[in-house]
Amino acid sequence: MKPTDIAKTRPRACFIAAGLEVLGERWALLALREMSLGVHRFDQIAVNTGASRDILTSRLRTLEDHGIIERIQYSERPPRHEYHLTKSGAEVAPILVSLAAWSSTWMRDETPRASYRHSCGANLKPVLTCAECGEEFKVGSLMLGPLVSAADVTPVD
């Protein structure tokens, strides 16, 4: 079998799949939403997400193990912790806002939901642009680049 034939029988290798391994679960994303909104204590994250304590504990551990959040002790007796976004975790916020914008357009029903606003007071509308040319992303302008190892990718500052 030629290498090109093998590639046709395997799923496409991409960073989306790698990210979904960690972030692609409802409770993980909702916990990150809460931290993005300034909620850091376990009990309030649980209430605001609706996650059970055992599921939330598991998701928070996974996020911590991958460096997306950090656990910071705020009480010694009894030992209690808050959960805060790392730089990596803070970079998930635009993904959450984009998902919220998509959902508010396409997942309409009668259930009232919070909207997201910028600190200036305006409704937040996410726009994805090319960092090189500044052109707004449109369907059809997306292309796959060459395969690279995650070890070779430098986070963008």
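This is a short walk through a predicted model of one protein chain, from its overall outline to single residues.

Start with the outline. The protein chain contains seven helices and two strands. Along the sequence, these elements follow the pattern α-α-α-α-α-β-β-α-α. So where the helices break off, the two strands sit together in that order, and then helices return.

Now look at the overall dimensions. The C-alpha trace spans about 60 × 40 × 35 Å along its principal axes. The radius of gyration of the protein chain is 19 Å, whereas a compact globule of 157 residues would have one near 15 Å. Buried residues make up 20% of the 157 residues. The accessible surface comes to about 12,400 Å². Carbon and sulfur atoms own 56% of that surface. Contacts also link distant parts of the sequence. Take the contacts with a separation of 6 or more: 43% of them join residues 24 or more positions apart.

Next, go to the two strands. S1 covers residues 69–75, and S2 covers residues 80–85. A hairpin of four residues leads from S1 to S2. The two strands pair in the antiparallel sense, over six bridges. One bridge is worth finding in the structure. Glu-70 has His-84 in S2 as its bridge partner. Keep His-84 in mind, for this residue comes back below.

Helix H3 is the next stop. Is this helix enclosed or open? H3 runs over residues 26–36, and eight of its eleven residues are buried, so the rest of the structure largely encloses the helix. The buried residues are Trp-27, Ala-28, Leu-29, Leu-30, Ala-31, Leu-32, Glu-34 and Met-35. What lies over them? The cover includes the helices H2 (15–23), H4 (42–49), H5 (53–65) and H7 (93–106). Both strands, S1 and S2, are also among the elements that cover these residues.

Look at the two ends of H3. At its start, a side-chain oxygen of Glu-25 comes within 2.8 Å of the backbone nitrogen of Trp-27. Just after the helix, Gly-38 has a positive phi of about 95°.

One buried residue of H3 deserves its own look. Glu-34 lies in this helix. Its relative accessible area is 5%, which is under the 20% cut-off, so Glu-34 counts as buried. Which residues does Glu-34 touch? Leaving out residues up to four places away in sequence, Glu-34 touches Val-39, Ile-45, Asn-48 and Thr-49.

Move on to the loop between H3 and H4, where His-40 is found. A polar atom of the His-40 side chain lies 3.4 Å from the backbone oxygen of Gly-38. That is the glycine with the positive phi. The His-40 side chain also makes a polar contact, at 3.3 Å, with the side chain of His-84. His-84 is the bridge partner of Glu-70 met earlier. Apart from neighbours within four places in sequence, His-40 contacts Met-35, Ile-45, Glu-82, Tyr-83 and His-84. Met-35 is one of the buried residues of H3.

Now turn to the cysteines. How many disulfides does a search of the whole structure find? The result is zero. A disulfide is a covalent bond between the sulfur atoms of two cysteines. Cys-130 shows how a pair can miss. The closest cysteine sulfur to that of Cys-130 belongs to Cys-133, 3.8 Å away. The cut-off is 2.5 Å, so this pair is too far apart for a bond. Are the cysteines buried or exposed? Cys-130 is partly exposed, because its relative accessibility of 35% falls between the limits of 20% and 50%. Cys-120 is exposed, because its relative accessible area of 61% is over 50%.

The last stop is Gly-145, in the segment after H7. With a relative accessible area of 53%, Gly-145 is exposed. Its distance to Cys-14 is worth checking. The two residues are 131 residues apart in sequence. In space, their C-alpha atoms are 9.9 Å apart.

Technical notes:
Residues numbered from 1 in each chain as written. Predicted model: local features only at pLDDT ≥ 70, side-chain atom pairs only at ≥ 80, totals over all residues. Heavy atoms only, no water. Buried < 20%, exposed > 50% of the residue type's maximum accessible area, 1.4 Å probe, protein only. Contact = heavy atoms within 4.5 Å. Polar contact = N/O pair within 3.5 Å; in protein donor to acceptor, adjacent residues only side chain to side chain. Rg over C-alpha atoms; globule rule 2.2 N^0.38 Å. Areas by Shrake-Rupley, 256 points an atom, 1.4 Å probe, with all protein chains shown as cover. Pairing = 2+ DSSP bridges.
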